[in-house]
Every structure is written in structure tokens, then in C-alpha cells.
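Student: I am new to this structure and would like a close look at its strands. Please go through the sheets and what surrounds them.

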Number of protein chains: 2
Amino acid sequence: MDKKFAAHIVREFEPVNLEFPFSTLDSVITPTDSFYVRNHFPEPKIDVNSWRLKIEGAVEQPFEVSYAELLSLPSQTASAVMECAGNNRVFLVPRVEGAQWELGAVGNAEWTGVPLSVLLDRAGMSPHAVDIIFEGSDKGVPAQPPKPEDPIHFARSLPLAKARRPEVLIVYKMNGEPLTASHGFPVRLVVPGWYGMASVKWLQRIIVSEFSYDGYFQKIDYAFWKERDGSPVRVPISEIELKAQIARPSIREIVPAKTNYLIHGAAWAGEREIVKVEISVDGGQSWQDATLLGDAAPYSWVLWNFDWLTPEAAGHCVVMSRATDSSGRQQPMERGPGRDTYRITHVLPVPVEIR
Amino acid sequence: MDKKFAAHIVREFEPVNLEFPFSTLDSVITPTDSFYVRNHFPEPKIDVNSWRLKIEGAVEQPFEVSYAELLSLPSQTASAVMECAGNNRVFLVPRVEGAQWELGAVGNAEWTGVPLSVLLDRAGMSPHAVDIIFEGSDKGVPAQPPKPEDPIHFARSLPLAKARRPEVLIVYKMNGEPLTASHGFPVRLVVPGWYGMASVKWLQRIIVSEFSYDGYFQKIDYAFWKERDGSPVRVPISEIELKAQIARPSIREIVPAKTNYLIHGAAWAGEREIVKVEISVDGGQSWQDATLLGDAAPYSWVLWNFDWLTPEAAGHCVVMSRATDSSGRQQPMERGPGRDTYRITHVLPVPVEIR
């Protein structure tokens with residue numbers, strides 16, 4: 001990349017919402033400085049010396065840990081995609097409510113922290129526990145009704161089965177450095193394989209609950225309608241679906257005719273692995289395999305290339321990418337029903353001009 | 001009453017929403033023709049010959065019953081208040097969204113039907129059942145987001161503890177006559193002690209569920225925010241709270257000076273009994289007991305009178321009534337927090353002019 005880019009595209013000024021300029025994709029690990037930022041409320045100011053993480057609720061032994069103690073516990077480091085559930089929303093026609101993310105409400109970082117299960121085991125969960133609630137320090141009144149009258153903390157829950165999995169971390173380092181304020185300093189949850197709303201920033205409280213959690217960001221926002229027993233019920237968004245995204249060419253890029261152009265992008269599939277990325281340069285009529293650059297693994301993304309001999313004649317064409325994962329799922333060509341304003345996983349067109 | 005009154009106040013034309021003119025209160029049982037009507041969608045047209053009520057879901061033996069068979073099962077008759085959870089909404093300042101009900105989104109009827117438990121026992125519920133879902137035939141897309149994309153049936157659930165109670169009936173007669181179309185013909189649920197949204201009209205399906213029900217009218221509409229573990233969660237509206245309402249004088253009525261005026265009204269307390277109704281004619285500064293006209297009982301309302309010697313001087317005054325129930329609860333003077341646009345249970349002012 002020889003051009004200079006701003007580190008971020010600004011989607012909202014206050015609260016801060018910043019997008020990674022996906023056309024600058026250049027490495028498996030997304031630099032922290034251009035990693036997307038999704039805030040719901042103003043960033044809280046936290047004094048790390050007085051900060052404590054509380055573990056409470058339906059437990060034998062509620063307790064709290066300081067930052068220093070957390071850093072002394074057994075830790076793990078793993079790379080995982082963080083993707084906003086509203087990533088790619090700007091592609092929806094007609095336009096829907098919410099931040100108009102293009103391709104960059106996603107990134108792949110290296111996260112270091114303490115497995116959540118270490119803290120849960122120390123607290124001793126009730127045998128009737130069903131949900132673990134994670135509360136951030138950030139606070140405000142949400143925009144969309146039905147909403148509580150008074151300010152609430154951002155909070156989400158995980159069902160027991162996911163909460164106990166080894167990949168779920170109480171994170172204090174991102175890409176080898178302490179978390180920045182925008183990414184949840186001092187400590188955040190990271191839930192690999194789930195959309196970003198699950199990875200609560202500025203974590204202050206973990207509540208073990210014997211009830212299924214019905215908080216605002218669990219059942220009103222970041223939720224969708226799903227058929228059960230023949231009628232729709234409100235279900236929280238959870239696992240990241242599969243996707244291959246094109247970084248270059250970018251939308252409406254002017255591409256030279258009759259030349260070799262390296263189409264480049266990334267692909268990920270939540271808790272599963274990418275097994276194939278295909279490219280179409282004729283608007284989805286025919287497909288050819290791209291080359292995966294390295295081994296695919298769950299949680300993380302894999303970069304890919306496709307060497308394109310561009311057309312001889314000037315004109316327009318539509319480039320597309322399509323992922324297939326280890327369970328046999330393939331990205332659909334059209335957006336399915338019941339997705340509310342979230343979980344955009346269908347094949348997206350990248351119109352370009354050949355000149 | 002020597003004036004002629006319209007049977008209803010129209011609050012919405014389509015779907016039909018009609019209010020009982022509460023100033024015409026004249027009997028313990030509210031006549032069907034002036035009983036309030038709360039519809040969410042157009043009234044469904046049902047052919048009683050082909051109509052069946054299905055009982056299914058987490059049961060040993062799903063089955064269906066015809067109208068004729070239902071009428072042949074053991075039945076009960078009991079009077080119970082039906083009150084819309086938004087009754088009295090017009091008193092809220094500033095104005096809130098929703099139908100602007102005054103005093104008459106409430107009535108007391110005699111309901112005849114088969115105890116729900118009879119049908120549940122016949123189906124044989126799963127030991128893991130937690131919620132019973134009731135689905136009406138009425139269908140449409142709700143007005144307020146977040147809402148499903150496609151039309152849904154009106155549906156609500158009852159937790160097992162309430163569903164098993166003997167007062168909960170599958171009703172086919174109201175005030176001794178077959179249900180009218182507006183009140184749910186051929187068959188509706190009636191849940192004495194709970195706000196009206198629980199008493200699903202045009203009942204077509206009962207689904208025993210092992211999940212807590214998260215439908216639109218359960219968690220989005222007819223729900224409120226309640227604190228649990230230190231953060232608000234979305235909770236369905238359920239039990240009717242206590243209330244004494246003044247039928248006469250009506251709001252802004254002109255009352256003769258220095259005369260005996262019989263203040264008249266009704267009082268109810270959901271699953272509990274009214275033990276006291278008090279009247280204030282000085283805006284809540286002093287209170288005197290009203291006379292209960294008959295025995296109070298759970299579910300039903302009791303009428304009451306208070307003989308008021310009106311002031312000698314012309315002017316304005318504010319009449320109020322206040323109920324106390326068998327659990328010691330008393331209507332508060334001010335509206336509490338966390339009630340969304342529902343459950344108006346505080347003391348309401350009736351301003352009148354003395355002339």
C-alpha cells in the first residue's frame with residue numbers, strides 16, 4: 001500500500017464508532033490502531049488501581065479480583081476474529097437502521113487473558129445455573145424503545161455450554177499490549193466464534209444466574225425473531241456465520257484492462273474452519289477457487305488471493321467471493337429472512353470499472 | 001341513568017378498540033354490549049364447525065377438541081374482572097404511546113368454560129414443561145419495533161404455576177351467552193387476576209413448552225423492565241394490581257353545591273380481595289371510608305358508595321378514591337418508576353366543579 005490512509009473510517013462521533021478500512025488489509029493480525037471500535041455509550045474512565053472484577057450471583061463463594069491478581073493467573077493467547085453483528089449493513093437495500101458499516105466492522109487480533117472457566121470454577125457455580133451475565137462499566141440510556149427509563153450498563157450473557165469452553169477469555173492484552181481504552185481497558189471478555197456484542201468491554205461484574213437473561217442487549221437489541229413451535233420468539237444473536245470478504249478491488253475501483261490483478265481478502269467461519277473460497281468475476285455466474293494463504297482454523301480468519309486476468313474490453317463487472325466451511329455451509333447468494341438488521345452473510349457484490 | 005349513552009367510546013376504528021363508558025357503571029356484571037374491546041389485529045372470521053383447539057408441544061399425547069366436545073366437558077362459571085394493562089393511560093402526563101384509555105378499559109363479567117387443567121392433564125405434560133403458550137387466530141404485523149417481518153398470531157404464555165390454578169378457564173360463554181365475535185368466539189382463555197393480554201381471544205392452539213416463552217406480546221409488548229441481579233431485565237406483565245375507580249362524578253362534572261351526592265365506583269385487586277375503599281374530596285389531604293356494596297372476593301370487583309355532602313361555596317375540588325387489599329397493599333399517590341406505559345395503579349384525580 002503506497003497510499004496514505006486514515007487509520008479508521010468514522011461512523012459515529014459520540015459514542016465513538018470507528019471502522020477498519022478493509023481495503024488496507026495487509027496482515028493476518030489487524031493492527032490495534034486501525035481495529036474497528038463499537039461503543040454503545042461514552043467510554044468509561046477507569047482507575048486500574050481501584051478497579052475490581054466481581055464474580056457473584058448463584059455461586060458458592062462470590063469473590064473479586066484486582067488487575068494485578070488477574071495478571072498473575074494462568075493465561076492463554078489465541079487469535080480470533082471480532083466481527084460486529086451489523087458488519088456489511090451498508091449493503092442492505094432498502095437501507096435499515098443502525099450504523100452503516102461497510103466491510104470493516106471486523107478484525108482479527110491476538111488476545112491474551114485468563115480462561116473464564118478458571119474464575120467460574122473458583123466461585124463454584126450453582127447446579128441450577130443456566131446463564132452467565134457479563135456487565136461492562138459503560139453506561140447510558142439506549143436509543144431504541146422498548147428501553148429502560150434509567151441508564152443501564154452494557155451487558156450480555158453466555159449460556160453455560162459456551163461459557164465453559166476453553167476459548168472464552170477474560171482478556172487484558174490485545175496484540176501483545178495492554179488493552180487500549182477503546183478496546184476495554186483494563187479487562188474485557190472475548191468470546192471467539194461469536195459476534196462482537198458478546199465480548200463485553202470494560203468488564204466489571206460476572207453474574208452467575210439461574211434464569212435465562214432478558215436484558216436489553218440480549219433480547220431487544222442484538223436479537224432476532226426465530227420460529228419455535230410455529231411462532232416467532234426473540235433469540236439473542238450468537239455465533240459468527242461464514243464469510244469471505246474482498247479487500248481489493250474496493251467498491252467502484254477502476255481496474256486496468258487486460259492485466260493481472262491480485263484479488264485479495266480474508267475469510268472466516270466463526271467456530272468452524274474455512275475450507276474453500278471461490279471467486280466470481282461475472283456477477284456470480286461462474287466460480288473459481290481462490291488460494292488460501294496459510295492454514296485455516298476455527299475462530300481466526302485466513303487470508304486468500306486470486307490471480308485475475310482482467311477483461312480486454314473496457315466496461316463494468318462485478319467481483320464476488322464465496323466461502324465454504326468445514327460443516328459444508330456455503331454463503332448464500334441472497335439475504336435470508338428473519339435476520340432483522342444483523343448477520344449479513346450472503347455474497348456481496350463488488351462492482352468495478354474496467355478501463 | 002336517565003341520559004342515553006353510546007354503548008362504547010371508540011378509541012380505535014381498525015383494529016377495533018372500544019371502551020366501556022365507566023360513568024355508566026350500574027351493576028356488578030358489566031353488560032357484554034358495553035364491555036371494552038381490545039383488539040390487536042382484525043377480528044378473524046371463524047367457522048365453528050371446522051374450528052378445533054389443538055393441545056400440543058411437550059406433551060405425551062397431543063390432541064384436538066371440537067367446539068361441541070369442549071361444551072360437553074366439565075365446566076365452571078365465575079365472575080372476574082378483565083382489565084387492559086393500559087387502562088387509565090390518558091391520565092399520564094406527559095402523554096405516552098398506546099391507546100388513550102380513560103377509566104373504562106375494564107369490566108367484570110361472568111365467564112363459563114372448562115378449566116385449563118382438564119386439558120393439560122389429558123395431554124400429559126412433560127416434567128420439564130415451564131410455560132404454556134396460548135395462540136389466537138388473529139394475525140398481523142405489530143406496529144412497534146423490534147417486530148417480526150411476517151404476520152404473527154397474538155400469543156401469550158402462562159407459567160406452570162398459574163396455568164394449573166383452578167380459576168383459569170377455556171371460556172365459551174360470557175354473561176351466560178356464547179362469546180361474541182369481539183370477545184373471542186368461539187373460545188378464549190380467561191386468566192382471572194391477570195391483566196387482559198393474558199386472556200387470549202379466538203384461541204386455536206395451546207403449546208406446552210420446555211422454554212420460557214419469548215414471543216412479541218410476551219417480551220416486547222406487554223412487558224416492563226425489572227431489576228434483577230442489579231440490572232434491568234424484560235419481564236412480562238402479569239397480575240392485576242389494586243384499584244378503586246370513581247364512576248360518578250365523572251371528570252369535570254358540574255356538581256350542585258350543598259347537596260348530598262352519592263359518589264359511586266368499583267374496586268378490585270387482582271388475585272387478592274379489596275378490604276377498604278377510601279374517598280378524599282380535598283385532593284388527598286383527608287380520607288374517609290366508603291361503603292362496600294356486598295362481599296369482596298378475589299378476581300371480581302366490588303361496587304362501593306360514598307355519601308358526600310358537597311361544599312356550600314362554588315368552586316373547584318378534586319375527588320379521589322383509594323383501595324386497600326387483603327395483603328395490606330394500598331394504592332400509592334404517585335406513579336412509580338419502571339412501569340413503561342402500563343400498570344397504572346396510583347390514585348387518580350377527578351376534578352369537579354361545584355356550582
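Tutor: What follows goes from the sheets of chain A to a strand of chain B, then to a helix, a buried side chain and the relation of the two chains. The model is predicted.

Start with the open sheet of five strands in chain A, whose order is β5-β4-β13-β8-β9. The pairing in this sheet is mixed. At its edges stand β5 (63-66) and β9 (152-159) of chain A. Each of these two has a single partner strand, so one side of each is left without a neighbour in the sheet. On average, neighbouring strands here are turned by 20 degrees against each other, direction ignored. Within this sheet, look at β8 (residues 131-140) and β13 (residues 203-209) of chain A, which pair in the antiparallel sense over six bridges. One position to find on the model is A:Glu135, which stands opposite A:Arg205 in β13(A).

Chain A also has an open sheet of four strands, in the order β16-β18-β22-β21. Here the pairing is antiparallel. The edge strands are β16 (243-248) and β21 (291-293) of chain A, and each of them pairs on one side only. Neighbouring strands of this four-stranded sheet are turned by 35 degrees against each other on average, again with direction ignored. The edge strand β21(A) pairs with β22 (residues 302-309) of chain A in the antiparallel sense, over three bridges. In β22(A), A:Asn305 is the bridge partner of A:Thr291.

Now move to chain B and look at β22 (residues 302-309) there. This strand of chain B is mostly covered, with six of its eight residues buried. Strand β18 (residues 260-268) of chain B pairs with β22(B) in the antiparallel sense over eight bridges. Across this pairing, B:Leu303 in β22(B) is the bridge partner of B:Ala266. Strand β21 (residues 291-293) of chain B also pairs with β22(B) in the antiparallel sense, over three bridges. There B:Thr291 stands opposite B:Asn305 in β22(B).

A helix of chain A comes next. In α2 (residues 116-123) of chain A, the residues A:Leu116, A:Ser117, A:Leu119, A:Leu120 and A:Ala123 are buried. They cover an arc of only 160 degrees around the axis, which puts them on the same side of α2(A). Just after α2(A) comes A:Gly124, with a positive phi of about 75 degrees.

Back in chain B, strand β23 (residues 315-325) holds B:Arg322. Is this arginine, B:Arg322, buried or exposed? The cut-off for buried is under 20% relative accessible area. B:Arg322 has 12% relative accessibility, so B:Arg322 counts as buried. Leaving out residues up to four places away in sequence, B:Arg322 touches B:Ala244, B:Lys276, B:Val277, B:Glu278, B:Trp287, B:Gln330, B:Gln331 and B:Val347.

Last, how are the two chains related? In general, two copies of a chain are related by a rotation about an axis and a shift along it. For this model, chain A is superposed on chain B by a rotation of 180 degrees with 0.0 Å of shift along its axis, at an RMSD of 0.0 Å. That is the relation of a two-fold axis. Of the interface residues of chain A, 100% are also interface residues in chain B, so the copies meet through the same surface.

Technical notes:
Residues numbered from 1 in each chain as written. Chains lettered and ligands numbered in written order. Predicted model: local features only at pLDDT ≥ 70, side-chain atom pairs only at ≥ 80, totals over all residues. Heavy atoms only, no water. Least-squares fit on C-alpha atoms with pLDDT ≥ 70 in both. Contact = heavy atoms within 4.5 Å. Pairing = 2+ DSSP bridges. Axes fitted to C-alpha atoms, helices over the stretch in contact; angles between N-to-C directions. Buried < 20%, exposed > 50% of the residue type's maximum accessible area, 1.4 Å probe, protein only. Arc of directions from axis to C-beta.
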